[in-house]
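Thanks for coming, everyone. I'll walk through one chain today, starting from its core and working outwards. Please have the structure open.

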Amino acid sequence: MADTLDANTAPFNERTLELEEVGPDTYLSVDLWRPKGNRGVFGGQVIGQALSAAAKTVGSPFRCNSIHCYFLAAGNNTEMIAYEVRRIRQGASYCSRLVVAKQSGRVIFIATVSFQRPEPSVLSHQYAMPKVPSPESLVSREALILRGDAEGDASKASEISNLPVETRPVPQKDLEGLPVNAIWLRARGDMSQLGHCHHQSMLAYASDFALISTTLRPFRMNSPDTKHKLSMLVSLDHTIWFHEPFRADDWLLYVMESPRTASGRGLAFGRIYSRDGVLVASTAQEGVTRGVDLGSDHKTLEFIHRVTSSQEADDKAKL
């Protein structure tokens with residue numbers, strides 16, 4: 001049963017993305033989260049903070065159209081991260097920034113960020129949003145953990161419930177074993193008084209949830225009869241393209257797929273839709289995906305990928 005109260009009116013916790021200015025175009029984080037069992041701090045938080053830092057050096061009406069990130073070393077949560085922003089280019093329609101993130105003088109992360117002056121376009125197309133259950137009909141990830149339908153324990157559920165983003169997994173029973181995934185997500189709390197940059201930075205934070213783990217779904221590592229054991233899962237790079245304005249505190253559908261895992265690396269792509277079906281952002285992520293073969297013969301799993309029109313999909317659904 002879904003939550004009966006689905007209002008999102010509590011105050012938004014800005015501390016997750018908050019930065020302190022410590023010098024010219026230099027900012028310091030005030031909060032870092034290291035997930036239980038992780039080698040370092042949550043990568044999505046570093047992406048969101050880097051985008052926030054870059055945006056502080058850009059004037060209105062520019063807004064981010066893309067951010068390309070590389071994780072160079074694991075960050076720790078015992079020392080705040082310093083973000084140094086370099087103004088690479090300032091044009092009439094686009095401007096570019098380079099963000100270098102450091103801890104103890106060591107570079108742990110870099111990002112190139114592009115900002116665009118909004119402009120109308122007569123050219124527009126998108127993939128249709130897939131038909132999935134509404135977020136109100138689903139339950140949160142922490143609720144699934146507590147009732148035993150998802151991996152984790154009470155402490156993990158408590159950790160997730162304190163995050164600034166709520167997620168509700170979309171059931172994938174008919175797609176089990178395929179390299180695909182989908183979740184509804186939204187920021188916890190009312191962001192209506194915040195500018196579009198805050199919404200973009202919050203979505204950047206949330207875009208790191210579940211994306212790289214999509215590369216592992218064909219191997220069913222949570223199954224008792226799995227033939228593989230995960231030994232390492234670490235992000236290498238992460239890219240986000242922002243297409244249209246959106247509200248991060250309203251439900252967004254995150255649809256993910258992985259076309260390839262090989263050579264100790266996994267690649268995943270994501271599409272993020274607003275509640276009304278508009279494709280507002282796209283993502284891509286590559287990570288280190290290392291596993292141990294538990295006595296089975298190694299072979300490449302192969303899947304068929306086919307793009308169909310929404311009408312064709314509707315026709316198939318009626319058969």
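First, a word on terms: contact here means heavy atoms within 4.5 Å. And keep in mind that this is a predicted model.

Let's start with Phe109. Which residues is Phe109 in contact with, leaving aside its neighbours within four places in sequence? There are Val46, Ile47 and Ala50. There are Cys69, Tyr70, Phe71 and Leu72. And there are Val99, Val100 and Ala101.

Phe109 belongs to the largest nonpolar core, which has 57 residues. Phe109 is among the residues with the most contacts inside that core, along with Tyr83, Val113, Phe115, Met202 and Phe209. Helix 1 gives the most to this core, with 7 residues. There is also a second, separate core of 9 residues. Ala182, Trp184, Val255 and Tyr273 are among its members.

Now to helix 1 itself. Helix 1 covers residues 43-55. That is 13 residues, reaching 18 Å from the first C-alpha to the last. The span expected at 1.5 Å a residue is also 18 Å, and the helix comes close to it. Is helix 1 buried or exposed? Buried: 13 of its 13 residues are, so helix 1 is largely enclosed by the rest of the structure.

What does helix 1 lie across? It lies across strands 1, 2, 3, 4, 5, 6 and 9. Against strand 6, helix 1 runs at about 55°.

Next, the sheet. It is an open sheet of 12 strands, with antiparallel pairing. Reading across, the order is 1-2-4-5-6-3-9-12-11-10-8-7. Strand 1, residues 19-23, and strand 7, residues 165-169, stand at the edges. Each has a single partner strand, so one side of each is left without a neighbour in the sheet. From one strand to the next, the twist averages 25°. As a reminder, strands of a sheet pair through backbone hydrogen bonds, either parallel or antiparallel.

Take strands 5 and 6. Strand 5 is residues 94-103, and strand 6 is residues 106-116. They run antiparallel, joined by 10 bridges. For one register point, use Val99: its bridge partner in strand 6 is Ala111. In the loop between these two strands sits Ser104. Ser104 has a positive phi of about 55°, although it is not a glycine. Its relative accessible area is 61%, so Ser104 counts as exposed.

Just past strand 6 we reach the next loop. Arg117 is found there, between strand 6 and helix 2. Arg117 is partly exposed, at 36% relative accessible area. Setting aside residues up to four places away in sequence, Arg117 touches Pro61, Phe62, Ala92 and Ser93. Pro61 deserves a look too. Pro61 is in the loop between helix 1 and strand 3. The peptide bond from Ser60 to Pro61 is cis, with omega near 5°.

On to strands 10, 11 and 12. Strand 10, residues 252-262, runs antiparallel to strand 11, with 9 bridges between them. Glu257 stands opposite Phe269 in strand 11. This hairpin has 2 residues between its strands, and one of its features is Ser263, with a positive phi near 60°. Ser263 is exposed, with a relative accessible area of 67%.

Strand 11 itself, residues 265-274, is mostly covered: 7 of its 10 residues are buried. Another 9 bridges join strand 11 to strand 12, again antiparallel. Arg265 has Val288 in strand 12 as its bridge partner. This hairpin has 4 residues between its strands. Gly277 in the turn has a positive phi of about 95°.

One more residue in strand 12: Thr289. At 9% relative accessibility, Thr289 counts as buried. Its contacts, not counting residues up to four places away in sequence, include Thr215, Leu216, Met232, Leu233 and Thr261.

Last, the annotation. An unreviewed UniProt entry lists residues 33-116 as "domain: Acyl-CoA thioesterase-like N-terminal HotDog". In this model, that stretch is 15% helix and 46% strand. The end C-alpha atoms of the stretch are 30 Å apart.

Note on methods. Residues numbered from 1 in each chain as written. Predicted model: local features only at pLDDT ≥ 70, side-chain atom pairs only at ≥ 80, totals over all residues. Heavy atoms only, no water. Pairing = 2+ DSSP bridges. Axes fitted to C-alpha atoms, helices over the stretch in contact; angles between N-to-C directions. Expected span 1.5 Å × (residues − 1). Buried < 20%, exposed > 50% of the residue type's maximum accessible area, 1.4 Å probe, protein only. Core = buried A, V, L, I, M, F, W, Y, C linked by side-chain atoms within 4.5 Å. UniProt positions renumbered as here; feature names shortened; annotations may be inferred.
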